[in-house]
Amino acid sequence: MLGGAGLLLAAAPAQAAEVAYKTECIPPSISGLPPVEGTTKVEITAPAEAKVGDEVEVVWKTTQAASSNPDVLDLDKDTVKPTGTVKVGGAQTADLAVEGERSNPPIKKNSPMVLSDMKGKIKLTAPGEVTLTPDKYNINVSKPISTDTKCSPKEAVKPGATIKVTDAGGATTGGLPTGLPTGLPTGLPTGLPTGLPTGGASATPTGGSSSSTGGDTSGSGSGKSDFTGKEVQIPYQCKTPIGDKNATSPVQINAKKDGGNYGLTVQFKKSVMDSPADIPKDSVKPSMEVKLGGADKGTVHVEGPTNAEPIKSGQPINIPDLTGTYKPGADGKSTLSPGVLTVKALGTTTTCTPSKTEVSLEIDTAAQPGGAAGGSGSAGGSAGGAGTSGGLAETGSSNDGVLRALGLVAGTVILLGGAVFTFLPKRRARLR
(Lines give C-alpha, C1' and ligand atoms only; values in the text may rest on other atoms or scores of the structure.)
Protein backbone atom coordinates (compact mmCIF):
# COMPACT_ATOMS: atom_id res chain seq x y z
CA MET A 1 0.00 0.00 0.00
CA LEU A 2 1.29 3.41 -0.89
CA GLY A 3 2.21 5.57 2.06
CA GLY A 4 3.96 8.88 2.44
CA ALA A 5 3.70 12.46 3.54
CA GLY A 6 0.37 14.01 2.65
CA LEU A 7 -1.32 10.70 1.86
CA LEU A 8 -4.21 9.51 3.99
CA LEU A 9 -3.78 5.80 4.63
CA ALA A 10 -6.49 3.40 3.60
CA ALA A 11 -5.07 0.55 5.67
CA ALA A 12 -7.26 -1.73 7.75
CA PRO A 13 -8.21 -0.06 11.05
CA ALA A 14 -6.68 -1.20 14.31
CA GLN A 15 -8.66 -3.57 16.49
CA ALA A 16 -9.93 -0.93 18.90
CA ALA A 17 -11.38 -1.88 22.26
CA GLU A 18 -14.03 0.21 23.96
CA VAL A 19 -12.62 2.56 26.60
CA ALA A 20 -14.79 3.64 29.55
CA TYR A 21 -13.84 6.40 32.00
CA LYS A 22 -15.40 8.52 34.71
CA THR A 23 -16.26 11.95 33.40
CA GLU A 24 -17.29 15.31 34.85
CA CYS A 25 -19.43 17.52 32.64
CA ILE A 26 -20.04 21.21 33.36
CA PRO A 27 -23.47 22.29 32.00
CA PRO A 28 -23.95 25.87 30.74
CA SER A 29 -24.01 28.28 33.69
CA ILE A 30 -27.41 29.60 32.58
CA SER A 31 -28.96 26.18 33.25
CA GLY A 32 -28.33 26.39 36.99
CA LEU A 33 -27.45 22.67 37.02
CA PRO A 34 -24.54 21.35 39.09
CA PRO A 35 -21.58 19.51 37.53
CA VAL A 36 -22.50 16.06 36.22
CA GLU A 37 -20.47 12.93 36.89
CA GLY A 38 -21.10 9.97 34.63
CA THR A 39 -19.33 7.40 32.45
CA THR A 40 -18.15 8.04 28.92
CA LYS A 41 -17.58 5.07 26.57
CA VAL A 42 -15.49 5.56 23.44
CA GLU A 43 -14.09 3.51 20.58
CA ILE A 44 -10.97 4.90 18.85
CA THR A 45 -10.10 3.56 15.39
CA ALA A 46 -6.97 4.22 13.34
CA PRO A 47 -4.67 2.22 11.02
CA ALA A 48 -2.96 -0.63 12.82
CA GLU A 49 0.30 0.02 10.95
CA ALA A 50 1.76 3.03 9.18
CA LYS A 51 5.08 4.62 8.19
CA VAL A 52 6.88 7.74 9.32
CA GLY A 53 5.56 10.64 7.24
CA ASP A 54 2.11 9.16 6.74
CA GLU A 55 -0.97 11.22 7.60
CA VAL A 56 -3.61 9.00 9.19
CA GLU A 57 -7.22 9.54 10.19
CA VAL A 58 -8.33 8.95 13.77
CA VAL A 59 -12.03 8.38 14.51
CA TRP A 60 -13.64 8.85 17.94
CA LYS A 61 -16.97 7.04 18.25
CA THR A 62 -18.95 7.84 21.41
CA THR A 63 -20.89 4.71 22.30
CA GLN A 64 -22.17 6.31 25.49
CA ALA A 65 -22.14 9.95 26.60
CA ALA A 66 -21.82 10.75 30.29
CA SER A 67 -25.48 11.68 30.68
CA SER A 68 -28.93 11.64 29.14
CA ASN A 69 -31.31 14.32 27.94
CA PRO A 70 -33.57 15.15 30.94
CA ASP A 71 -37.34 15.63 31.06
CA VAL A 72 -37.14 19.32 30.11
CA LEU A 73 -36.81 19.83 26.37
CA ASP A 74 -36.71 17.67 23.24
CA LEU A 75 -33.61 18.41 21.14
CA ASP A 76 -34.26 18.96 17.46
CA LYS A 77 -32.61 17.06 14.63
CA ASP A 78 -29.10 18.24 13.67
CA THR A 79 -28.62 20.64 16.60
CA VAL A 80 -25.84 18.79 18.51
CA LYS A 81 -22.16 19.08 17.54
CA PRO A 82 -19.34 17.33 19.49
CA THR A 83 -15.66 18.28 19.52
CA GLY A 84 -12.90 16.64 21.50
CA THR A 85 -9.21 15.94 22.11
CA VAL A 86 -7.31 12.69 21.60
CA LYS A 87 -4.05 12.42 23.56
CA VAL A 88 -1.26 11.11 21.33
CA GLY A 89 1.51 9.30 23.25
CA GLY A 90 4.36 6.84 22.92
CA ALA A 91 6.73 7.47 20.03
CA GLN A 92 5.32 10.98 19.58
CA THR A 93 3.15 13.23 21.73
CA ALA A 94 0.47 15.70 20.74
CA ASP A 95 -3.09 16.82 21.41
CA LEU A 96 -5.14 15.84 18.37
CA ALA A 97 -8.31 17.87 17.86
CA VAL A 98 -11.26 15.87 16.58
CA GLU A 99 -14.61 17.21 15.42
CA GLY A 100 -18.00 15.75 14.59
CA GLU A 101 -20.77 16.89 12.28
CA ARG A 102 -23.84 18.69 13.58
CA SER A 103 -25.81 15.58 12.82
CA ASN A 104 -28.12 13.83 15.25
CA PRO A 105 -31.63 12.36 15.27
CA PRO A 106 -34.26 14.13 17.38
CA ILE A 107 -33.41 13.41 21.03
CA LYS A 108 -36.44 13.06 23.27
CA LYS A 109 -36.60 13.92 26.95
CA ASN A 110 -35.17 11.19 29.21
CA SER A 111 -33.26 9.70 26.28
CA PRO A 112 -29.53 9.03 25.83
CA MET A 113 -27.51 11.79 24.18
CA VAL A 114 -26.52 10.88 20.61
CA LEU A 115 -23.19 12.29 19.37
CA SER A 116 -21.82 12.00 15.84
CA ASP A 117 -18.39 10.42 15.24
CA MET A 118 -15.49 12.84 15.67
CA LYS A 119 -12.55 12.75 13.25
CA GLY A 120 -9.07 14.22 12.99
CA LYS A 121 -5.81 13.65 11.08
CA ILE A 122 -2.28 13.35 12.40
CA LYS A 123 1.07 13.14 10.60
CA LEU A 124 3.33 10.47 12.05
CA THR A 125 6.84 11.72 12.78
CA ALA A 126 8.74 8.93 14.60
CA PRO A 127 8.99 5.15 14.49
CA GLY A 128 7.59 3.12 17.37
CA GLU A 129 4.21 2.61 18.99
CA VAL A 130 1.88 5.60 18.97
CA THR A 131 -1.01 5.41 21.42
CA LEU A 132 -4.36 7.21 21.02
CA THR A 133 -6.31 8.03 24.20
CA PRO A 134 -9.70 9.80 24.40
CA ASP A 135 -9.62 12.88 26.62
CA LYS A 136 -11.90 15.90 27.13
CA TYR A 137 -14.83 16.72 24.87
CA ASN A 138 -17.41 19.46 24.37
CA ILE A 139 -21.09 19.26 23.38
CA ASN A 140 -22.51 22.29 21.57
CA VAL A 141 -26.28 22.70 21.11
CA SER A 142 -27.26 25.36 18.55
CA LYS A 143 -30.95 25.99 19.38
CA PRO A 144 -32.64 28.02 20.69
CA ILE A 145 -29.28 29.63 21.53
CA SER A 146 -25.75 28.29 21.27
CA THR A 147 -24.60 26.65 24.52
CA ASP A 148 -21.64 24.45 25.44
CA THR A 149 -21.22 21.63 27.93
CA LYS A 150 -17.59 20.82 28.73
CA CYS A 151 -16.67 17.26 29.77
CA SER A 152 -13.31 16.06 31.11
CA PRO A 153 -11.91 12.79 32.54
CA LYS A 154 -11.95 12.27 36.32
CA GLU A 155 -9.53 9.34 36.21
CA ALA A 156 -6.57 8.08 34.20
CA VAL A 157 -7.80 6.89 30.80
CA LYS A 158 -6.38 3.87 28.98
CA PRO A 159 -5.38 4.14 25.30
CA GLY A 160 -8.11 3.24 22.87
CA ALA A 161 -5.83 2.28 19.96
CA THR A 162 -2.15 1.84 19.08
CA ILE A 163 -0.46 2.42 15.72
CA LYS A 164 2.75 0.52 14.91
CA VAL A 165 4.87 3.08 13.03
CA THR A 166 7.84 1.93 10.94
CA ASP A 167 10.58 3.96 9.32
CA ALA A 168 12.10 3.40 5.88
CA GLY A 169 14.42 0.73 7.25
CA GLY A 170 11.80 -1.66 8.63
CA ALA A 171 9.24 -2.26 11.33
CA THR A 172 9.53 -1.35 14.97
CA THR A 173 8.25 -3.39 17.88
CA GLY A 174 4.49 -3.35 17.59
CA GLY A 175 1.74 -3.26 20.13
CA LEU A 176 -1.90 -3.96 20.58
CA PRO A 177 -4.65 -1.48 21.40
CA THR A 178 -5.73 -1.39 25.00
CA GLY A 179 -8.68 -0.12 26.99
CA LEU A 180 -11.47 -2.08 28.57
CA PRO A 181 -14.94 -0.78 29.48
CA THR A 182 -15.59 0.01 33.12
CA GLY A 183 -18.46 1.47 35.11
CA LEU A 184 -22.10 2.13 34.43
CA PRO A 185 -23.68 5.22 32.83
CA THR A 186 -24.80 7.86 35.25
CA GLY A 187 -25.33 11.59 35.29
CA LEU A 188 -27.55 14.49 34.39
CA PRO A 189 -28.14 16.32 31.11
CA THR A 190 -25.44 17.90 29.00
CA GLY A 191 -25.58 20.52 26.31
CA LEU A 192 -29.13 21.78 27.02
CA PRO A 193 -30.13 25.25 25.80
CA THR A 194 -32.05 27.27 28.31
CA GLY A 195 -32.78 30.82 28.56
CA LEU A 196 -31.26 34.11 27.74
CA PRO A 197 -28.95 36.00 30.14
CA THR A 198 -29.25 39.58 31.27
CA GLY A 199 -28.35 41.85 34.15
CA GLY A 200 -28.75 45.19 35.80
CA ALA A 201 -27.24 48.43 34.65
CA SER A 202 -24.45 49.96 36.69
CA ALA A 203 -24.53 53.33 34.98
CA THR A 204 -25.24 56.41 37.03
CA PRO A 205 -28.78 57.72 36.33
CA THR A 206 -29.19 61.16 34.92
CA GLY A 207 -29.03 63.58 37.81
CA GLY A 208 -28.88 60.84 40.43
CA SER A 209 -26.47 58.56 42.25
CA SER A 210 -26.25 54.90 41.27
CA SER A 211 -25.07 53.94 44.76
CA SER A 212 -27.98 55.46 46.65
CA THR A 213 -30.63 53.08 47.93
CA GLY A 214 -32.42 55.35 50.33
CA GLY A 215 -31.91 58.91 49.13
CA ASP A 216 -34.26 61.86 49.20
CA THR A 217 -37.37 60.42 47.53
CA SER A 218 -39.41 63.61 47.83
CA GLY A 219 -39.44 66.50 45.37
CA SER A 220 -40.38 69.10 47.95
CA GLY A 221 -37.02 70.87 48.04
CA SER A 222 -37.20 74.43 46.72
CA GLY A 223 -35.44 74.80 43.39
CA LYS A 224 -34.40 71.18 43.33
CA SER A 225 -34.26 69.52 39.91
CA ASP A 226 -32.66 66.09 40.55
CA PHE A 227 -34.45 63.44 42.61
CA THR A 228 -33.02 60.07 43.60
CA GLY A 229 -35.44 57.29 44.45
CA LYS A 230 -34.85 54.47 46.88
CA GLU A 231 -34.11 50.91 45.83
CA VAL A 232 -37.16 48.69 46.31
CA GLN A 233 -37.55 44.91 46.08
CA ILE A 234 -40.43 44.09 43.72
CA PRO A 235 -41.99 40.59 43.61
CA TYR A 236 -43.36 39.53 40.24
CA GLN A 237 -45.81 36.83 39.17
CA CYS A 238 -44.87 35.29 35.86
CA LYS A 239 -46.50 32.56 33.80
CA THR A 240 -43.93 30.81 31.62
CA PRO A 241 -44.24 27.97 29.08
CA ILE A 242 -43.02 25.61 31.79
CA GLY A 243 -45.28 26.78 34.62
CA ASP A 244 -45.89 29.67 37.00
CA LYS A 245 -42.88 31.34 38.59
CA ASN A 246 -42.34 33.88 41.33
CA ALA A 247 -39.50 36.35 40.95
CA THR A 248 -38.01 39.34 42.75
CA SER A 249 -35.80 42.17 41.48
CA PRO A 250 -34.37 45.35 43.05
CA VAL A 251 -35.46 48.48 41.16
CA GLN A 252 -34.74 52.19 41.59
CA ILE A 253 -36.50 55.16 39.93
CA ASN A 254 -34.81 58.58 39.60
CA ALA A 255 -36.13 61.82 38.10
CA LYS A 256 -34.80 65.08 36.68
CA LYS A 257 -37.12 68.06 36.44
CA ASP A 258 -37.32 69.88 33.12
CA GLY A 259 -39.83 72.72 33.28
CA GLY A 260 -43.07 71.11 34.47
CA ASN A 261 -42.08 67.62 33.24
CA TYR A 262 -39.70 64.99 34.60
CA GLY A 263 -37.19 62.82 32.82
CA LEU A 264 -37.31 59.37 34.45
CA THR A 265 -34.51 56.82 34.75
CA VAL A 266 -35.25 53.30 35.97
CA GLN A 267 -32.37 51.10 37.08
CA PHE A 268 -32.25 47.37 37.72
CA LYS A 269 -29.57 46.99 40.37
CA LYS A 270 -27.30 44.19 41.56
CA SER A 271 -28.28 41.93 38.67
CA VAL A 272 -25.11 41.72 36.57
CA MET A 273 -24.14 38.23 35.39
CA ASP A 274 -21.85 36.62 32.84
CA SER A 275 -23.24 35.50 29.52
CA PRO A 276 -23.32 31.71 29.03
CA ALA A 277 -23.41 32.07 25.25
CA ASP A 278 -22.65 34.49 22.42
CA ILE A 279 -25.44 37.06 22.04
CA PRO A 280 -25.80 39.04 18.79
CA LYS A 281 -26.20 42.80 18.90
CA ASP A 282 -29.65 44.42 18.79
CA SER A 283 -31.30 41.26 20.14
CA VAL A 284 -32.73 42.38 23.52
CA LYS A 285 -35.03 45.38 24.15
CA PRO A 286 -36.34 46.04 27.72
CA SER A 287 -39.12 48.39 28.84
CA MET A 288 -41.36 49.13 31.84
CA GLU A 289 -44.63 50.86 32.70
CA VAL A 290 -43.92 53.02 35.77
CA LYS A 291 -47.00 53.18 37.99
CA LEU A 292 -48.21 56.59 39.22
CA GLY A 293 -49.95 57.14 42.56
CA GLY A 294 -50.76 59.76 45.14
CA ALA A 295 -52.15 62.84 43.46
CA ASP A 296 -51.59 61.48 39.95
CA LYS A 297 -52.85 58.36 38.18
CA GLY A 298 -51.80 56.34 35.14
CA THR A 299 -48.47 54.97 33.89
CA VAL A 300 -45.28 56.25 32.29
CA HIS A 301 -43.58 54.22 29.56
CA VAL A 302 -39.79 53.92 29.88
CA GLU A 303 -37.48 51.82 27.74
CA GLY A 304 -33.84 51.06 27.09
CA PRO A 305 -31.86 50.65 23.87
CA THR A 306 -30.97 47.25 22.45
CA ASN A 307 -27.48 45.94 23.08
CA ALA A 308 -25.20 47.88 20.73
CA GLU A 309 -22.46 45.26 20.51
CA PRO A 310 -22.36 41.46 20.49
CA ILE A 311 -21.69 39.91 23.89
CA LYS A 312 -19.25 37.02 24.01
CA SER A 313 -19.76 33.98 26.18
CA GLY A 314 -18.30 34.57 29.63
CA GLN A 315 -18.43 38.38 29.40
CA PRO A 316 -20.58 40.41 31.85
CA ILE A 317 -23.90 41.75 30.60
CA ASN A 318 -25.00 45.25 31.58
CA ILE A 319 -28.57 46.31 30.82
CA PRO A 320 -28.79 50.06 30.13
CA ASP A 321 -31.05 52.42 32.06
CA LEU A 322 -34.70 52.61 31.03
CA THR A 323 -35.73 56.22 30.32
CA GLY A 324 -38.89 58.16 29.52
CA THR A 325 -40.70 61.46 30.18
CA TYR A 326 -43.33 61.95 32.89
CA LYS A 327 -45.86 64.72 32.20
CA PRO A 328 -47.82 65.26 35.45
CA GLY A 329 -51.61 65.37 35.29
CA ALA A 330 -52.32 66.61 38.83
CA ASP A 331 -51.19 69.06 41.49
CA GLY A 332 -49.77 67.62 44.71
CA LYS A 333 -47.48 64.84 45.83
CA SER A 334 -47.27 62.09 43.20
CA THR A 335 -45.57 58.73 43.66
CA LEU A 336 -43.70 56.54 41.18
CA SER A 337 -43.46 52.77 41.59
CA PRO A 338 -42.06 49.95 39.40
CA GLY A 339 -44.78 48.43 37.25
CA VAL A 340 -45.22 45.94 34.42
CA LEU A 341 -41.96 44.74 32.85
CA THR A 342 -41.59 43.79 29.21
CA VAL A 343 -38.72 42.41 27.18
CA LYS A 344 -38.66 41.79 23.45
CA ALA A 345 -36.11 39.23 22.28
CA LEU A 346 -35.78 36.75 19.43
CA GLY A 347 -39.10 37.83 17.96
CA THR A 348 -41.13 37.24 21.13
CA THR A 349 -42.52 39.44 23.91
CA THR A 350 -42.44 38.45 27.58
CA THR A 351 -44.44 40.34 30.23
CA CYS A 352 -44.45 40.13 34.03
CA THR A 353 -46.69 41.94 36.51
CA PRO A 354 -45.83 42.84 40.13
CA SER A 355 -47.80 40.93 42.76
CA LYS A 356 -47.36 44.07 44.85
CA THR A 357 -45.36 47.22 44.34
CA GLU A 358 -43.64 49.83 46.48
CA VAL A 359 -43.02 53.53 46.02
CA SER A 360 -39.48 54.32 44.91
CA LEU A 361 -39.89 58.09 44.45
CA GLU A 362 -42.29 60.84 45.57
CA ILE A 363 -42.23 64.29 43.95
CA ASP A 364 -44.28 67.49 44.05
CA THR A 365 -46.08 67.89 40.73
CA ALA A 366 -48.06 70.56 38.93
CA ALA A 367 -50.59 69.51 36.29
CA GLN A 368 -49.43 69.97 32.70
CA PRO A 369 -51.62 70.10 29.58
CA GLY A 370 -52.18 66.56 28.38
CA GLY A 371 -50.80 65.14 31.63
CA ALA A 372 -51.29 61.70 33.10
CA ALA A 373 -54.15 62.06 35.61
CA GLY A 374 -57.19 59.93 34.91
CA GLY A 375 -56.09 56.41 35.73
CA SER A 376 -56.58 54.84 32.31
CA GLY A 377 -53.87 56.32 30.14
CA SER A 378 -50.09 56.53 30.21
CA ALA A 379 -47.83 59.53 30.54
CA GLY A 380 -45.23 60.42 27.97
CA GLY A 381 -45.75 57.34 25.81
CA SER A 382 -47.64 54.16 25.14
CA ALA A 383 -48.53 51.77 27.92
CA GLY A 384 -46.88 49.09 25.84
CA GLY A 385 -49.23 46.26 26.73
CA ALA A 386 -49.47 46.69 30.49
CA GLY A 387 -52.12 44.40 31.89
CA THR A 388 -53.77 43.52 35.16
CA SER A 389 -53.52 39.75 35.10
CA GLY A 390 -49.73 39.37 34.71
CA GLY A 391 -47.92 36.37 33.35
CA LEU A 392 -46.14 35.62 30.12
CA ALA A 393 -47.62 37.33 27.11
CA GLU A 394 -49.13 35.12 24.42
CA THR A 395 -47.02 35.91 21.37
CA GLY A 396 -48.51 33.55 18.84
CA SER A 397 -45.05 32.15 18.17
CA SER A 398 -44.92 28.50 17.22
CA ASN A 399 -41.25 28.30 18.20
CA ASP A 400 -41.56 26.76 21.65
CA GLY A 401 -37.77 26.51 21.87
CA VAL A 402 -37.42 30.29 21.61
CA LEU A 403 -40.02 30.81 24.32
CA ARG A 404 -38.15 28.40 26.53
CA ALA A 405 -35.06 30.49 25.90
CA LEU A 406 -36.81 33.30 27.78
CA GLY A 407 -37.81 31.19 30.77
CA LEU A 408 -35.13 29.04 32.36
CA VAL A 409 -35.91 25.64 33.76
CA ALA A 410 -35.67 24.25 37.29
CA GLY A 411 -35.12 27.14 39.69
CA THR A 412 -32.65 29.34 37.82
CA VAL A 413 -33.19 32.75 36.21
CA ILE A 414 -35.47 34.43 33.66
CA LEU A 415 -35.05 37.41 31.38
CA LEU A 416 -37.80 39.91 32.11
CA GLY A 417 -37.56 43.58 31.25
CA GLY A 418 -33.77 43.61 31.45
CA ALA A 419 -33.38 42.13 34.95
CA VAL A 420 -32.29 38.82 36.37
CA PHE A 421 -34.79 37.29 38.76
CA THR A 422 -33.87 34.34 40.93
CA PHE A 423 -36.60 31.73 41.17
CA LEU A 424 -37.10 29.59 44.24
CA PRO A 425 -39.47 26.77 43.22
CA LYS A 426 -39.25 23.30 44.71
CA ARG A 427 -36.01 21.71 43.61
CA ARG A 428 -36.46 19.41 40.65
CA ALA A 429 -36.00 15.78 41.59
CA ARG A 430 -32.53 14.58 40.62
CA LEU A 431 -32.57 12.55 37.45
CA ARG A 432 -31.21 9.04 37.36
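A search of the whole structure, which is a predicted model, finds one disulfide. That makes a handy place to start a tour. The partners are cysteine 25 and cysteine 151, with their sulfur atoms 2.2 Å apart. Cysteine 25 sits in strand E1 (residues 18-26) and cysteine 151 in strand E11 (residues 147-153), so the link ties together parts that are 126 residues apart in sequence. The angle about the S-S bond is 115°, and the link of cysteine 25 and cysteine 151 is right-handed.

Are these two cysteines buried or exposed? Cysteine 25 is buried, with a relative accessible area of 0%. Cysteine 151 also counts as buried, at 3% relative accessibility.

**The strands around the disulfide**

The two strands that carry the cysteines are also partners: E1 and E11 pair in the antiparallel sense over four bridges. Within this pairing, isoleucine 26 stands opposite lysine 150 in E11. E11 has another partner in strand E10 (residues 128-141), and these two pair in the antiparallel sense over five bridges. Here asparagine 138 stands opposite lysine 150 in E11. Lysine 150 therefore faces isoleucine 26 as well as asparagine 138. A hairpin of five residues joins E10 to E11.

**An aromatic cluster and its neighbour**

Let us move on to the aromatic rings. How many aromatic pairs are there? The count comes to three. In one of them, the rings of phenylalanine 227 and tyrosine 262 have their centres 6.1 Å apart and their planes at 55°, so this pair is tilted. It links distant parts of the chain: phenylalanine 227 belongs to strand E13 (residues 226-228) and tyrosine 262 to strand E16 (residues 261-268), 35 residues apart. Both phenylalanine 227 and tyrosine 262 are buried. Together with Tyr326, they form one aromatic cluster.

Which residues does threonine 365 touch? Leaving aside residues up to four places away in sequence, the contacts of threonine 365 are Tyr262, Tyr326, Pro328, Ala330, Asp331, Gly332 and Ser334. Two of these names, Tyr262 and Tyr326, are already familiar from the aromatic cluster. Threonine 365 itself is found in strand E25 (residues 361-365). With a relative accessible area of 7%, threonine 365 is buried, because that value is under 20%. Its side chain reaches the backbone oxygen of alanine 330 at 2.9 Å.

**Two aspartates with positive phi**

The last stop is a pair of loop residues. Aspartate 78 has a positive phi although it is not a glycine, and the same description fits aspartate 282. The table sets out their values and places.

| Residue | Phi | Loop between | Relative accessible area |
|---|---|---|---|
| Aspartate 78 | about 55° | strand E5 (68-69) and strand E6 (80-90) | 29% |
| Aspartate 282 | about 55° | strand E17 (273-274) and strand E18 (284-294) | 48% |

Why does aspartate 78 count as partly exposed? Its relative accessible area is 29%, which lies between the 20% and 50% cut-offs, so aspartate 78 is partly exposed. By the same reasoning, aspartate 282 is partly exposed because its relative accessible area is 48%.

Definitions and conventions. Residues are numbered from 1 along each chain as its sequence is written. This is a predicted model: local features need pLDDT of at least 70, side-chain atom pairs count only at pLDDT 80 or more; totals for chains, interfaces and linings use all residues. Side-chain values use heavy atoms; hydrogens and water are left out. Buried means under 20% relative accessible area, exposed over 50%, partly exposed in between (1.4 Å probe, protein chains only). Rings of Phe, Tyr and Trp (its six-membered ring) pair if their centres lie within 6.5 Å; planes under 30 degrees apart count as stacked, over 60 as edge-to-face and the rest as tilted. A polar contact is a pair of N or O atoms within 3.5 Å; within protein, one must be able to donate a hydrogen and the other to accept it, and residues adjacent in sequence count only if both atoms are side-chain atoms. Contact means heavy atoms within 4.5 Å. A disulfide is a pair of cysteine sulfur atoms within 2.5 Å. Two strands pair if DSSP finds at least two bridges between them.
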